[in-house]
Amino acid sequence: MLTQLKENIVYPEPKKQNIIIEVNELNVYYKNNHAVKNVSLPIRERSITALIGPSGCGKSTFLRTINRMNDLIPGAKCQGEIMYDGINLLDKKIDVVALRKEIGMVFQKPNPFPKSIYENIAMPLKFAGIRGKKRLNDIVEESLYQAALLDEVKDRLSQSALSLSGGQQQRLCIARALALKPKVLLLDEPTSALDPVSSAKIEDLLLSLKKQVSLAVVTHNMQQAARIADQTAFFYEGEVVEYNDTSIMFTKPVYKKTEDYINGRFG
Ligand SMILES: Nc1ncnc2c1ncn2[C@@H]1O[C@H](COP(=O)(O)OP(=O)(O)OP(=O)(O)O)[C@@H](O)[C@H]1O
């Protein structure tokens with residue numbers, strides 16, 4: 001692929017992806033519980049970063065802090081820097097609604113609204129000020145297509161989203177996030193509640209999405225991380241022990257702790 005940087009001059013795209021989010025010395029506390037300890041980590045552009053590690057090591061907290069979902073938790077406090085587009089996302093003055101449009105989030109359990117399939121996508125668009133039936137229809141259709149769901153639901157858009165299977169509901173939630181044209185998508189164990197066939201569809205979907213969106217995915221499934229992630233960060237007791245290209249992390253991890261976790265010796 002080529003990038004048109006200046007008129008008439010075409011440069012090859014840089015080999016190493018740029019960094020879209022740079023987390024610097026992040027600390028997150030829940031009252032006295034120091035859940036994320038001095039974590040510095042990049043999220044690379046148009047790539048998938050997997051966050052792995054045993055239960056309770058801070059992966060979800062880290063992810064939620066990026067789009068300020070932790071603001072909603074009483075007693076949660078964070079320090080450090082999360083740089084995105086030249087601004088620190090932890091700055092209290094930030095418009096978090098605008099932030100969550102650019103940095104979307106998908107949760108472990110599919111959480112469609114108890115509304116029609118169509119309204120699940122159209123409602124947040126209307127809320128974001130997008131008007132006009134044709135415009136809304138186009139975005140709904142495009143988002144469902146991007147989430148590889150359009151063929152399965154195009155004849156039943158007025159039916160309740162709750163009539164969909166778990167895997168379809170999760171793809172609908174991804175479509176809902178995509179409709180707002182996010183630059184980054186944070187996914188917290190997006191396939192752990194799904195059967196293997198639905199999980200495989202989501203994995204394929206994530207791989208196709210990275211052409212346009214940067215993704216960070218929490219997963220407990222090592223095979224999944226190895227299959228889809230370009231980079232992987234291994235969290236342990238709130239710290240990042242190791243971060244590397246996934247191919248290196250899974251074949252030649254630097255630390256024994258990483259190797260033991262990847263090989264299922266604990267966690
Ligand atoms: N809403 C909350 N209120 C208080 N403490 C919390 C909250 N969420 C997480 N914690 C604590 O923060 C620490 C990190 O939890 P977190 O959920 O981020 O870990 P995790 O690695 O995502 O775990 P899992 O893989 O089980 O989802 C744990 O000690 C947990 O008990």
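A residue is termed buried if 20 or more other C-beta atoms lie within 10 Å of its own, exposed if 12 or fewer do, and partly exposed in between. The views below show a predicted model.

**View 1. Strand β11 between its partners β5 and β12**. Strand β11 covers residues 231-236, and 5 of its 6 residues are buried, which leaves the strand mostly covered. Strand β5 (residues 48-52) pairs with β11 in the parallel sense over 4 bridges. Pairing between β11 and β12 (residues 239-245) is antiparallel and involves 6 bridges. Phe 234 of β11 stands opposite Ile 52, and in β12 the bridge partner of Phe 234 is Glu 242.

**View 2. The hairpin of β11 and β12**. There are 2 residues between the strands of this hairpin. Among the facing pairs, Tyr 236 stands opposite Glu 239 in β12. Glu 237, in the hairpin, takes a positive phi near 45 degrees.

**View 3. The open sheet of β4, β3, β6 and β7**. The 4 strands follow the order β4-β3-β6-β7, and their pairing is antiparallel. The edge positions are held by β4 (33-44) and β7 (87-88); each has a single partner strand, so one side of each is left without a neighbour in the sheet. Strand β6 comprises residues 76-84 and runs antiparallel to β7, to which 2 bridges join it. Here Tyr 84 stands opposite Ile 87 in β7.

**View 4. The residues around the ligand**. The shell includes Tyr 30, Asn 33 and Ala 35. Also around the ligand are Gly 53, Ser 55, Gly 56, Cys 57, Gly 58, Lys 59, Ser 60 and Thr 61, together with Ile 73. Two elements, β4 and α1 (59-66), each give two or more residues to this shell. The largest share comes from α1, with 3 residues.

**View 5. The loop between α1 and β6, with Arg 68**. Arg 68 has a phi near 65 degrees, a positive value in a residue other than glycine. With 19 C-beta neighbours inside 10 Å, Arg 68 counts as partly exposed, because buried status requires 20 or more.

**View 6. Helix α4 and its buried side**. Helix α4 spans residues 133-146, 14 residues in total. The distance from its first C-alpha to its last is 20 Å, close to the 20 Å expected at 1.5 Å a residue. Val 140, Ser 143 and Leu 144 are the buried residues of α4. They lie on the same side of α4, because they cover an arc of only 100 degrees around the axis. Their packing partners are α3 (117-127), α5 (150-153) and α6 (166-179). The exposed residues Lys 134, Arg 135 and Asp 138 are carried on the face of α4 turned away from its buried side.

**View 7. Ala 148 in the loop between α4 and α5**. Ala 148 comes just after α4. Its phi is near 55 degrees, a positive value in a residue other than glycine. Ala 148 counts as partly exposed because 17 C-beta neighbours lie inside 10 Å.

**View 8. Helix α6, a mostly covered helix**. Of the 14 residues of α6, 13 are buried. At 1.5 Å a residue, a span of 20 Å should result for α6, and its end C-alpha atoms are 20 Å apart, which agrees. The buried residues of α4 pack against α6, among other helices. Lys 181 follows α6 and has a positive phi, near 55 degrees.

**View 9. Residues 21-262, the span annotated in the record**. For this span the unreviewed UniProt entry lists "domain: ABC transporter". The end C-alpha atoms of residues 21-262 lie 26 Å apart. Helix accounts for 37% of the span and strand for 27%.

Technical notes: Residues numbered from 1 in each chain as written. Predicted model: local features only at pLDDT ≥ 70, side-chain atom pairs only at ≥ 80, totals over all residues. UniProt positions renumbered as here; feature names shortened; annotations may be inferred. Pairing = 2+ DSSP bridges. Expected span 1.5 Å × (residues − 1). Arc of directions from axis to C-beta. Contact = placed C-beta atoms within 7 Å. Near = placed C-beta within 6 Å.
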